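Me: I'd like to practise reading a fold with you, one feature at a time. Can we start from the surface and work inwards?

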Amino acid sequence: MPHRTSPSRLAAPVAVLALALTACGAGGGEDTDARSPGAPAAPARTASGGDVAAGEAVTGKVAEGPGAVTYEVVARKVDVGTEAEAAEAVAEAADAEGRVPAVAHLEYTHRGGPALTEGSEVHDTAAVFADGQRGDILVGAPDDVPGCEDPYAVESWKQGESHVFCETYLVPADATSVEVHWSQEDGEPWVWKFPRR
C-alpha cells in the first residue's frame, strides 16, 4: 500500500493521482466536523458495518505484525479543499477538473491486543466517498496537515493510546455529502456522512 498523506502543502512536489477504484490529509476549504470541539465520542459500536452517527465510534480487529489488535475508530472531520488545490496536487491538471481534495481525519485508539513496535495497518481499509461514489486516492500528497500523523512513523503503540491518521481523496466539487468508510478485515464498512455546507 503506498504511503498516503494529506494535501496541506499543495505546493510540495506534484502528487500522482491513482485512478484505481479498488479498496486499497486541504488548505483553505471547508472543515466538516463530526462533533463539537471537546465533545466526547459516543460509546463504540461493535456490529459490523452500516451508517454511523456523527462522533460515534466503532470497534474492529486488525491483523498487525505482533497479532490481532482491537481498535476503536471514529471519523472526526473531513477538510474539503478547492479545485485550484486539486489541480496543483496532480501531475495533469485535467485529471482534477471539477474535483476537490477531501482529507478525512480518523482517530484510532488501541483497545486490546499486543502493543505495536512498528507501523500499523489499521488505516489501510479507510476510504473517502462522495454522494455514494468512491473518490480517487491522492497518492504522494504531503503529510504535514495539522492534526494528522504519519501511520508509518508510529513505532510504539500501546493499549489506550490514540493516533489520528488522514486519508486524502479527490471527490466531485459539486458533491452534496462526503462519506468516510472504514472496515475491519473481511467486514462490511462503517460509514460516517458529512454534509457539505
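Me: Which residues gather in a patch of negative charge on the surface?

Reply: Keep in mind that this is a predicted model. The patch of negative charge is made of Glu 118, Glu 121, Glu 155, Glu 185 and Asp 186.

Me: Take Glu 185, then. Where does Glu 185 lie?

Reply: Look in the loop between strand 12 and strand 13.

Me: And why is Glu 185 called partly exposed?

Reply: The idea is to place a residue's relative accessible area between two cut-offs, with buried under 20% and exposed over 50%. Glu 185 has a relative accessible area of 41%, so it counts as partly exposed.

Me: Let me step back to the whole chain. How many helices and strands does the protein have?

Reply: One helix and 13 strands. Read from the N terminus, the order of elements is β-β-β-β-β-β-α-β-β-β-β-β-β-β.

Me: That loop sits between two strands. How do I read the sheet they belong to, and in what order do its strands come?

Reply: Go by who pairs with whom, not by position in the sequence. Here five strands form an open sheet in the order 4-13-12-8-9, with mixed pairing. Strand 4 and strand 9 (133-134) are the edges, since each pairs on one side only.

Me: Which strands run parallel and which antiparallel around strand 13?

Reply: Strand 4 (residues 50-52) runs parallel to strand 13 (residues 190-195), and three bridges join the two. On strand 13 you also find strand 12 (residues 177-182), which runs antiparallel and is joined to strand 13 by six bridges.

Me: What are the partners, residue by residue? Say, for Asp 51, Val 180 and Ser 177?

Reply: Asp 51 has Val 191 in strand 13 as its bridge partner. Val 180 is bridged to Trp 192, also in strand 13. Ser 177 stands opposite Pro 195 of strand 13.

Me: Now inwards. Is Val 80 buried or exposed, and why?

Reply: Same reading as before: the cut-off for buried is under 20%. Val 80 has a relative accessibility of 1%, so it counts as buried. You'll find Val 80 in strand 6 (residues 67-80).

Me: How far apart are Val 80 and Leu 170, in sequence and in space?

Reply: Compare the two separations: 90 residues in sequence, but 9.3 Å in space from C-alpha to C-alpha.

Me: And for the protein as a whole, what share of the residues is buried?

Reply: Buried residues make up 50% of the 197. The accessible surface comes to about 8,700 Å², and 52% of that belongs to carbon and sulfur atoms.

Notes
Residues numbered from 1 in each chain as written. Predicted model: local features only at pLDDT ≥ 70, side-chain atom pairs only at ≥ 80, totals over all residues. Heavy atoms only, no water. Pairing = 2+ DSSP bridges. Helix = DSSP H or I, 4+ residues; strand = E, 2+ residues; numbered from the N terminus. Buried < 20%, exposed > 50% of the residue type's maximum accessible area, 1.4 Å probe, protein only. Patch = residues over 30% accessible without salt bridge, like charges linked within 9 Å, V, L, I, M, F, W, Y side chains within 5 Å. Areas by Shrake-Rupley, 256 points an atom, 1.4 Å probe, with all protein chains shown as cover. Salt bridge = Lys/Arg side-chain N within 4 Å of Asp/Glu carboxyl O. Lys, Arg positive; Asp, Glu negative; His and termini not counted. Charge placed at Lys NZ, Arg CZ, Asp CG, Glu CD.
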